[in-house]
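Please work through the exercises below with the sequence and the model open beside you. Each task is followed by a solution that goes step by step.

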Amino acid sequence: MDDIINEFLTETNESLAELDNALVALEQNPEDSALISQIFRVIHTIKGTSGFLGLPRLGSVAHKGEDVLGLFRDKKLKVTPAYISLILEAIDRIKQIIIGIETTGGEPAGDDSQLISQLEAVYNGAGGGVELSNDSPNIMDDAVMPMVDPFAEEAAPAQSLAVQEPVQDKGTAATATAPAESQIASQTLRVNVEVLENLMTMVSELVLTRNQLLQTARNLKENEILAPLQRLNHVVSGLQDGVMKTRMQPIGNAWSKLPRIVRDVAAELGKKIDLEMRGQETELDRQILEMIKDPLTHMVRNSADHGVELPAERVAKGKSETGKILLNAYHQGGHIIVEISDDGKGLPLEKIKNKILERGLATEEQLRHMPAQQIQQFIFHAGFSTADKITSVSGRGVGMDVVRSNIEKIGGSIEMKSVEDKGTTFLIKIPLTLAIVSSLIVGVNNERFAVPQITVSELVCVGGDSTHQVELINNAPVLRLRGNLLPLVSLNQLLNLPHHEDKNKVQYIVVTRVAAFLFGLIVDQVFDMEEIVVKPVSENLKGLQIFSGNTILGDGRVIMILDPPGILKAAGMEQNLENAQQAQEEKLQIQSGAENLLLLFNDSHDQLKAAPIDMVSRLEEVELKNIEISDGRKVIQYLGHLMPIFGCENDNQERRPLIIFRDGNRNAALMANKILDIATYYGDLNGGTDGSILDSVIVNGKAVDVINPALFTTQGVVLTENA
Amino acid sequence: MALLDTDEQQFLSFYMGDHVFGIPIFQVQDILHTQQLTHVPLAADFIEGIMNLRGRIVTAINFRKRLHYSEVGGSNTMSIVLEHKDELFSLIVDDVGEVLNLSTDKIEVPPYTLNPAWREVATGVFQLQDKIMILLNPHALLQINGGQK
């Protein structure tokens with residue numbers, strides 16, 4: 001059943017249960033205005049929500065009930081037992097309908113006209129000063145009561161919310177249903193968020209303790225605690241999963257207001273728009289859900305306002321009169337993807353260009369060389385709006401830049417594709433949970449810090465006999481990395497830790513990316529990747545912009561999490577960010593075409609070759625004696641499978657580097673003589689995909705053949721997950 | 001009975017050098033031997049570090065440094081864990097004494113000659129037999145901007 005309806009049912013059941021008691025109390029104490037208000041509110045909510053959800057029967061009963069209750073509240077009608085009975089009857093009817101919805105998914109059929117006419121009689125009677133008792137309920141029975149419900153009409157454009165029209169079947173079956181205990185109500189339980197958070201903390205602590213125990217147990221040879229410990233291990237893992245699940249909520253919760261918003265925009269602008277929502281059940285961390293709610297609403301409103309054209313315009317373009325906005329959420333590789341697309345007019349290139357010129361963001365000459373895709377990206381600039389006029393819905397220029405920064409704040413990213421007259425698609429990639437972030441643990445001066453992995457683009461070893469060395473320009477450390485100069489920040493100096501200069505000391509550069517700007521962080525040691533639970537930094541340490549939070553590691557120690565944007569600010573490189581963005585845009589103009597990272601290596605014939613790095617899954621070293629022959633092919637055992645090796649020449653070397661390619665779930669290895677470097681190549685690799693060479697390009701002044709890894713992987717083995 | 005009397009308050013006493021301090025008992029969460037701390041670079045010097053207490057992160061504050069009391073204390077310190085605005089703090093002190101019931105009407109205003117740094121955090125003083133106990137306001141004590149050096 002639809003999540004929204006489900007939630008509505010849960011809520012309604014709860015409030016109805018309260019109402020029973022309230023009504024009985026009211027009978028004994030008819031003057032209690034607080035009670036009347038409480039009852040009024042519940043019925044009012046049911047009326048409003050049922051209208052919004054397209055449940056006309058429920059809506060009209062609640063509507064009439066509310067009318068009468070309104071009279072009680074305004075003291076225009078004295079509360080008598082007869083009236084209370086009537087209200088109770090209305091509430092019973094509401095319960096029946098709700099049970100019907102629970103069992104069939106739609107409103108049960110049934111005739112409420114008698115009840116409604118009674119309620120109306122009371123309502124009108126009071127208005128006209130006529131007292132009416134419940135003993136003569138049929139007084140207005142003959143009156144024709146059209147079921148006018150303004151809300152039912154309003155809900156109509158929102159039909160695509162997957163609310164079915166009332167199920168028309170089995171005549172009186174539903175009305176005959178006794179007001180049995182609601183099933184949904186007994187299946188869900190409302191729990192205070194704070195209780196859940198506490199539970200989460202306790203479970204994290206339990207996990208830590210278990211890890212410590214396991215660590216200790218590993219050093220014991222034979223021990224009678226091993227078996228119970230193993231069981232504890234499983235139970236704790238299960239418990240952790242369970243508690244994590246309680247934080248998850250369906251994304252549909254963040255969408256519940258959208259049909260109404262789209263409907264309002266459409267009505268105001270005279271458009272016809274269908275909103276289709278898919279994947280509402282996709283679950284997200286509660287905290288993230290809260291944070292993407294506003295950006296999503298903004299974007300859907302944008303699509304309705306700017307994207308979808310007026311009906312006449314659409315017909316002239318040969319599209320159907322009704323525009324379509326699609327919201328789709330699904331899982332992809334540890335992330336949630338939210339797709340917002342419309343079949344509207346797309347981003348108007350000319351208008352954006354004019355706006356860019358007007359605001360001086362680029363020159364006409366620059367624009368001429370920019371690909372359309374890049375020009376469209378300007379909508380993410382602060383204060384950029386192409387709306388002709390400011391409507392009540394959008395066009396104030398507070399927009400996509402805020403959306404982007406909100407999404408980036410939770411570690412997500414946003415992509416956009418737009419074709420003029422065809423429509424626009426936004427892809428938002430968000431992490432499953434905020435609470436757990438995969439981080440790189442680094443060390444300086446015997447202290448450990450975490451760097452969020454999402455900001456780390458690579459690690460370079462410097463000093464000692466490494467090919468990379470830190471150079472100083474008037475005390476400012478820099479690194480030459482593939483022809484580019486990378487500014488460096490010494491974490492030691494930044495944190496004011498004691499340090500001694502030692503040129504030969506082996507250090508590591510954590511190449512960190514903040515938006516478009518790359519810089520290197522000099523650290524002494526690099527430890528492991530660790531999944532960490534981020535905890536907010538103490539109020540008293542908020543002034544330290546260098547840290548974004550702290551966390552408890554597996555061994556129970558607390559460490560600080562570094563915040564790369566904060567580091568940039570602290571190191572005084574903030575200005576560079578803007579420049580880098582511009583520089584990158586300029587670079588894209590000169591070196592049009594995609595940026596390709598290539599792995600350079602000497603193949604077994606000592607020829608310089610390159611391979612696209614996104615196809616390379618790992619670099620390994622192999623001992624030649626481990627290579628076996630199977631089915632006439634040279635293979636090696638890798639992760640419990642036989643993986644074919646190509647380019648394998650027998651010579652006297654004992655160990656040789658292996659490049660492991662992965663395409664989907666197929667793995668294959670290519671033997672090399674030497675792995676050289678990683679280089680960037682701007683441009684498309686044009687060769688066919690079936691040949692052995694993708695393209696021949698010039699990298700670092702040398703001609704290199706880029707091999708086609710697909711050639712190997714298609715002959716590779718399929719790795720299955722549970723083999 | 002005295003416990004329930006409204007005009008009596010319970011204070012945990014603790015020591016720093018020759019001085020004795022009191023802190024309202026209902027704000028004290030734990031008393032610990034000094035734990036292993038993680039140093040927080042760039043933080044104010046009285047922030048000794050952070051630590052893990054049953055899955056919650058505790059900011060450890062060196063009471064001597066917080067009160068600008070220069071004499072070096074013994075190495076055998078104790079930590080008093082307090083909750084302030086949903087956060088945990090641990091106050092590193094020389095030693096922890098007993099819990100005292102003090103009648104509120106005997107609590108006096110701190111003398112005006114008291115060092116301003118101390119006056120800021122003191123709510124009153126109480127005359128013990130041999131010493132004068134300084135009663136602390138934990139909120140004033142923990143209302144600090146530790147991010148600035």
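The exercises that follow deal with confidence, the interface, salt bridges, a buried threonine and backbone angles.

This is a predicted model, in which local features need pLDDT of at least 70 and side-chain atom pairs count only at pLDDT 80 or more, while totals for chains, interfaces and linings use all residues. Residues are numbered from 1 along each chain as its sequence is written, chains are lettered from A and ligands numbered from 1 in the order in which they are written, and side-chain values use heavy atoms, with hydrogens and water left out.

**Exercise 1. Confidence along chain A**

Task: Find the average pLDDT of chain A, and state over which residues pLDDT stays under 50.

Solution: Begin with the term itself, since pLDDT is the predictor's confidence in each residue, from 0 to 100. Chain A averages 76 on this scale, and 81% of its residues score at least 70. Next, look at residues 127–180 of chain A, where pLDDT stays under 50 and for which the model has 72 contacts (heavy atoms within 4.5 Å) beyond four places in sequence. Residues 389–398 of chain A also stay under 50, and for them the model has 19 contacts beyond four places in sequence.

**Exercise 2. The interface of chain A and chain B**

Task: Describe the interface by its residues, its buried area and its polar pairs.

Solution: First, count the participants: 26 residues of chain A and 24 residues of chain B take part in the contact. Second, take the buried area, that is, the accessible area (1.4 Å probe) that two parts lose on being put together, summed over both; it is about 2000 Å² between chain A and chain B, with carbon and sulfur atoms giving 60%. On the side of chain A, A:Asn540, A:Arg557 and A:Val558 supply 31% of the area that this chain buries against chain B, more than any other three residues.

Third, consider the charged and polar pairs. There are zero salt bridges between chain A and chain B, where a salt bridge is a side-chain nitrogen of Lys or Arg within 4 Å of a carboxyl oxygen of Asp or Glu. Six residue pairs, both members at pLDDT 80 or more, are in polar contact across the interface; such a contact is a pair of N or O atoms within 3.5 Å, and within protein one must be able to donate a hydrogen and the other to accept it, while residues adjacent in sequence count only if both atoms are side-chain atoms.

Fourth, assign the side of chain A that touches chain B to its elements. Helix H9 (193–219), strand E9 (447–452), strand E17 (547–552) and strand E18 (558–562) of chain A each supply at least two residues, helices (H or I, at least four residues) and strands (E, at least two) being DSSP runs numbered from the N terminus. The largest share, four residues, comes from E17(A).

**Exercise 3. Salt bridges within chain A**

Task: Which parts of the chain does the pair A:Lys317 and A:Asp421 tie together, and how far apart in sequence are A:Lys293 and A:Glu290?

Solution: The closest N and O atoms of A:Lys317 and A:Asp421 are 2.9 Å apart. A:Lys317 lies in the loop between helix H14 (311–316) and strand E4 (323–332) of chain A, and A:Asp421 in the loop between strand E6 (413–419) and strand E7 (423–431), so the pair ties together parts that are 104 residues apart in sequence. A:Lys317 and A:Asp421 also belong to a network of salt bridges whose other members include A:Glu309 and A:Arg314.

In the second pair, A:Lys293 and A:Glu290 have their closest N and O atoms 3.7 Å apart. Because these residues are three apart in helix H13 (residues 286–307) of chain A, about one helical turn separates them.

**Exercise 4. Buried or exposed?**

Task: Is A:Thr12 buried or exposed, and what does its side chain approach?

Solution: Buried means under 20% relative accessible area, exposed over 50%, and partly exposed in between (1.4 Å probe, protein chains only). A:Thr12, in helix H1 (residues 3–28) of chain A, has 4% and is therefore buried. A polar atom of its side chain lies 2.5 Å from the backbone oxygen of A:Phe8, and, not counting residues up to four places away in sequence, A:Thr12 touches A:Ile46 and A:Ile98.

**Exercise 5. Positive phi**

Task: Where are A:Asn496 and B:His68 found?

Solution: Most residues other than glycine have a negative phi. A:Asn496 has a positive phi of about 60° and is found in the loop between helix H19 (491–494) and strand E14 (507–514) of chain A. B:His68, with phi near 55°, is in the loop between helix H1 (63–66) and strand E6 (78–84) of chain B. A:Asn496 is exposed at 59% relative accessibility, and B:His68 is exposed at 60%.
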